[in-house]
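Visitor: Could you take me on a close look at one part of this structure? I am new to this, so please go step by step.

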Amino acid sequence: MVRSKAPAKKQQKKGIDFKKIKRKIGRKLPPPKNATNTEIKSKAIVIPEQSVAAEKSDFATSKKGLTLDELLKQTSHPNSKIRNDALHGIEDLFRNHPAELQSHKYAIIQKLKERICDDDNQVRQTFYRLFKAKIFPAFKEDSQGPMVSLLMPCIFLAMAASAIDVRLMAFKFFHLVVEYYPPTFSLDAEKILENYKDIIQKNHFYVEDKSKLKVALSGLAHCLSLLPCDESDTESQKKGPLQNQTLHAYEQDAAKECARFAHISGRLKEIVGVLVNCFQDFIPLIHASRGFNEQSFECIRHILCSIGYAIKFSIRRHTQRQTSWLPASEEATLMILDQDIASMLSKKLLGSFPLNPDNNLYGKIDRWYFILNSVLTKIFLEVSEWSHLPTDLSNRFLEFIENTLLGKIASSSKPVHAETSLALLPFVPKLILRVDRDWRDNLLQAFTTTFSNCKSGSSLKLACISIIRDVIIPNGDILYPNASDLTVNNYQSAWVNKLPSLLIQLGDEHPLSTQAVLQLLLDLGRVGCLNTSPEFEDDVRNFFIPCQCEGDVPGGPFASLPREVQELALCFLYYFTIDNFSSPMLSAIVSCCLNPQLEPALLYRIVEILHTAYRAGYIQITDHFSFFITLIARTKVVPEKLQSAMECNERETYCGTYKELTNLVCSYLSEMGDGSLVLQILEKVLVEQIILKPALDNGCAILRMICALDSKPTILSESSLTALSEYLPGYLVDIVSCIPEDKENSYLYIQTCLYYLVPCYFLFDRSSKLTEQVLKRMRSMVIENTKALESVQDKESGRTSLNLIQCIVSVILLMHNDAKVRKIILSSKSEIDLILQNVITLQSRSTSLTVEGKHMMKILGERLRIASKSLLA
Amino acid sequence: MEIYVIASSSIDGGIGCWDLKSGIEQLRFKPCASPAHGLTAVGEKFLAASQLRNASASSGSIFYWSWNKPQVEVKSFPVESIKALAANNEGTYIVGGGTSGDIYLWEVATGKLLKKWHGHYRSVTCLVFSGDDSLLVSGSQDGSIRVWSLIRLFDDFQRQQGNTLYEHNFNEHTMAVTDIVIDYGGCNAMIVSASEDRTCKVWSLSKGKLLRNIVFPSAINSLALDPGGSVFYAGGRDSKIYIGAINATSEYGTQVLGSVSEQSKAVTCLAYCADGNLLISGSEDGGLCVWDPKLRRPVLTFRHGKSPVNNIQVVRKTIVANSNKSHSSWKRHGSALPPPLDKYERSGEDAMDGIVIVDPPPLSDVPAYSSFLSADLIDEQVKELQQQGSAATEIEMERLKLEYKKSLQMNDQWQKNYEDLLQVVMEEQNGGTN
């Protein structure tokens, strides 16, 4: 009947229309015999009937043409096949019309939930698949609370059903619910655990079929893993989104998550008892190794995990109560301190460690044993913190831990091994404090091996780093080791010394790991724990030196890291320089600063941090000076001649950076003490730099440094003034020749020139002698070039000479434009006049000039004459 | 009441003192070259400042000045150089933070070193008492901030239990802490800390955790809290004074109050004067500037000298010598100031040593120095009282009798008033019913 449904359906469609019309006509017909009007009415009724039929194509239907409503009705059909088909139909419907599910979700669940207890296995399976594939994923976004509360009563009903298969399906389904909506467990934790206990206790049901037991156990393990037993998650909440917290708010205790689990500890005790017994049942199987298949392995793993979670939770509750002075409740005694549980745990559970097959088998089975042993070890580590276990038992476990960390257990595959190490590592710091000397040394050695062997970007490495922190500075406090105890110290410094090289290995591909390492280094630096070796320093240096620098020098990833990681690195640098400052380190920093790829903000930050270190008295004043001067003199400002729009833009930003840097250095210099004293120290070095004829921008910066420190009248020595007077004319000419005159925006042009001119003005103002000498030199330059123009016939050199003269005149005109400077150069008017004369003679006499040149000279002469006249006025 | 501003510098320029209203410079106390946070007015009765010394000196030094003499009156030489110095509100205790990270607690009246403990791993940069004097907050160059309970510091039992000495340890700053301010919540207050890592952080003392992190464009040297409690002022290295909102919603939510100097000299210290709502800033170039924070403009400027100002305090002057009621033991030394501070903890002199008695809060007319004193000091004072004879008690009796009489009169007055009122009410009611 079901098979032939599709064709039958078509007939039905027609049939329905026809039949119904007929019926209605028939109904209307009998009473009046001659009233024809009613027929029209009946026609009017036909139309909605027809539209229902038509709309059916608009309605979402399943493949078989049934609407949702029809399908839902069919789910409670007495025939199991129809029920099953209906469920399939619903799934099919949702596949094609997802919107249907969204609009009727509660109605659907209301109807479907009864099927949890369905007698037919096939129906239950379909039901489970439907929820897994369609319904739960669709609910993922919106609140699942109401849905779960609809389902839960039925689930509980099914859990207590008499048929074992129904019960198992209920557990399986519940597991699914918890997976999608974890808070389900915390809402009815006690009841749920009770149910689990019941089903696991009746293990005679599954002596043959372990897969059934597995269903219950995996669900239990999942639920128990939801118990809030990890302190780290509350820690992370603590540091989490700061901004959302209110500043002045009263916190209610009731809202706390753990309050919800307040009453389940008695239940947990029972569960642990049941689980341990269940484990006991498995022991012969484990040792037999023949019947030990994947199913039983999974079962045991779930059992052990569940026990582990339960113990962890109870320990955490205990410590929490101790630290926060909560009032003692009925669960005051720690579960594992309970006499019965403790003895059961140590004898029945931990006593069976290590789990080994009687005859050696390799491969998969071996891996299983390893995993089970590692879970057992975790339980041991939790328990042993609180209760004393027999020594030989402890030794067995410790040996296992050591071998795992050393990587000696060859049979295990790599990911499993890494995972196990990851799980065992967090216990190492406490273990080191607890175990006796020999074991401690062994464990330290094993940990060191793990640390150096694991891959640099792996999560294992990350875990190792946090372990190192916990060992050296637990809770941000140095753990003072016994001074006599050198071994621990040696291990610790060995770890610390490896950190910088690790930074270089990590490169810029693992910012998170790099951040962790830097944070650790910073914290170590803050507490003054960096008792370093030379290699350590080398590596730190290399970390900061940019990669592309000078050929074979190994470069570090500092420049290419994210900003916040760089900030951490700089903070570390601060504490590092405090303790072990060296000039190679400083030169590394300088080369880092000179890297043109460096972001300007970072550059300023580096300078600021070094200055802070200087202020705190950790950098010698001479070193600090040399840092500043090297930075200013060696920074390469991009050549001026690049004129294309793009490059011009780029250059401007870079110039801006350099200007900012100059300002920064000048203000720091003036903070360093009495200006004249600082200048006395710096004078020689600065003048040496001047003599080297630096590029325009660098020259300007150096002149600015001098100006910032100098006072009026100048305190510069005679020889420095001479050096300056030799440098300045060329510098002034450079200003005019290098900065392209912007005809459209003359204001901007003058501002740009002024930036370079101002230091000269200050110098002129402070020393009239310098003014005179500079003008004199400029005059002689004009004369020389005039002569050259006259004698040389070469056009090219003629042009340069002409340009030079033009530039000099422009400089004088620029200076003249400034009212204050006009007063300064008034004293040297004679020099200007001489230049003027030269220009005029050149214009009138010279034959070598082109027409264009002559014209230019004429204009210049005219302007100069006006300027010189106004000087007198 | 006269309000004064006192300021000191890191290079010897003495302690300048100005009348805040008139801006007239008062006495200059010399010589003094103190580190940042090294100047404090002890109970506003006299001045104390730790001194910067060259590294070779084996001990630090702390000087006292009385209000009316420009010369140093008392010199003490602690074991190491003291960086930060603070006194509680009453002026009964002085705490000092050393370069090694040790913190010292002295009793002012006797100069006794009550306690010395290892507070930080690097030098202590600032020390602040909470408003109710129950907690001490210390910041350090290592970037950590620790909160100490003055009572629990003396709890030997806890220490033997292996518990940490501090109440809270805040480690989130990545560079040296430069300043800490505390608001009015007593032991449940919020604190704001500034650091060279260019952030200010807001912490809750009751919850012991970080509440806000506010990033500034430059390192912050100093902080001042607005009495409204919703904003704070932060003096930056870039010569700007920033206004930070404590309840900032984003990490970068700061306004600029104003720039102190054009030459971009850093703002080194800030102080807030609640009386008149003025903000006083000190600059790297040696100037002090009084601001009206509401109008955001400077009102007054002082000149301390050429060297950077690094401490400013607003003080209401009270002069110890004029108070005839004070029967403090230091008077016997013939000086207006207490004896110098001890170098080492006295040990085993007598059984009472080191025990601190905490009194209930003092009444308003009880002379200062009678609360929070160590047991033997109280013994001493009891002895003194006994020797002084009954003169003091007689005066006290007279006063009490007078007060009693006044109260009786008051009582009569109230009773009369009540009867009058009753009369009026009755009459009115009668009128109403009639």
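Guide: Let's begin with Phe380(A), a buried residue whose relative accessible area is 3%. The model here is a predicted one, so every value I give you is computed from it. Phe397(A) is buried too, because its relative accessibility is 0% and anything under 20% counts as buried.

Now look at how these two rings sit together. A pair of aromatic rings is described by two things, the distance of the centres and the angle of the planes. For Phe380(A) and Phe397(A), the centres are 4.1 Å apart and the planes meet at 5 degrees, so the pair is stacked. The cut-off behind that word is simple: planes under 30 degrees apart count as stacked.

Next, find the two rings along the chain. Phe380(A) belongs to helix 17 of chain A, residues 364–384, while Phe397(A) belongs to helix 18, residues 391–406; the pair therefore ties together parts that are 17 residues apart in sequence.

For another arrangement, turn to Phe627(A) and Phe628(A). Their aromatic pair is tilted, with 5.9 Å from centre to centre and 40 degrees between the planes. Phe627(A) is buried at a relative accessible area of 1%, and Phe628(A) counts as buried at 0%.

These pairs are part of a wider picture: a search of the whole structure turns up 33 aromatic pairs over all chains. Rings can also gather in a group, and one aromatic cluster is formed by Phe127(A), Phe131(A), Phe136(A), Phe173(A) and Tyr180(A).

Charged side chains can meet rings as well. Lys172(A) lies over the face of Tyr128(A), 4.5 Å from the ring centre. In a similar way, Lys461(A) is placed over the face of Phe451(A), at 4.8 Å from the centre of that ring.

Let's finish in chain B with Arg237(B). You will find Arg237(B) in the loop between strand 20 (231–236) and strand 21 (240–245) of chain B. Although charged residues may make you think of the outside, look at the number: Arg237(B) has 13% relative accessibility and counts as buried. Its side chain makes a polar contact of 3.3 Å with the side chain of Glu196(B), and another of 3.0 Å with the side chain of Asn221(B). Leaving aside residues up to four places away in sequence, Arg237(B) also touches residues of chain A, namely Thr612(A) and Arg615(A), and its contacts in chain B include Ser218(B), Ala219(B) and Ala266(B).

Technical notes. Residues numbered from 1 in each chain as written. Chains lettered and ligands numbered in written order. Predicted model: local features only at pLDDT ≥ 70, side-chain atom pairs only at ≥ 80, totals over all residues. Heavy atoms only, no water. Phe/Tyr/Trp six-rings, centres within 6.5 Å; stacked < 30°, edge-to-face > 60°. Helix = DSSP H or I, 4+ residues; strand = E, 2+ residues; numbered from the N terminus. Buried < 20%, exposed > 50% of the residue type's maximum accessible area, 1.4 Å probe, protein only. Lys NZ or Arg CZ within 6 Å of the ring centre and 35° of its normal. Polar contact = N/O pair within 3.5 Å; in protein donor to acceptor, adjacent residues only side chain to side chain. Contact = heavy atoms within 4.5 Å.
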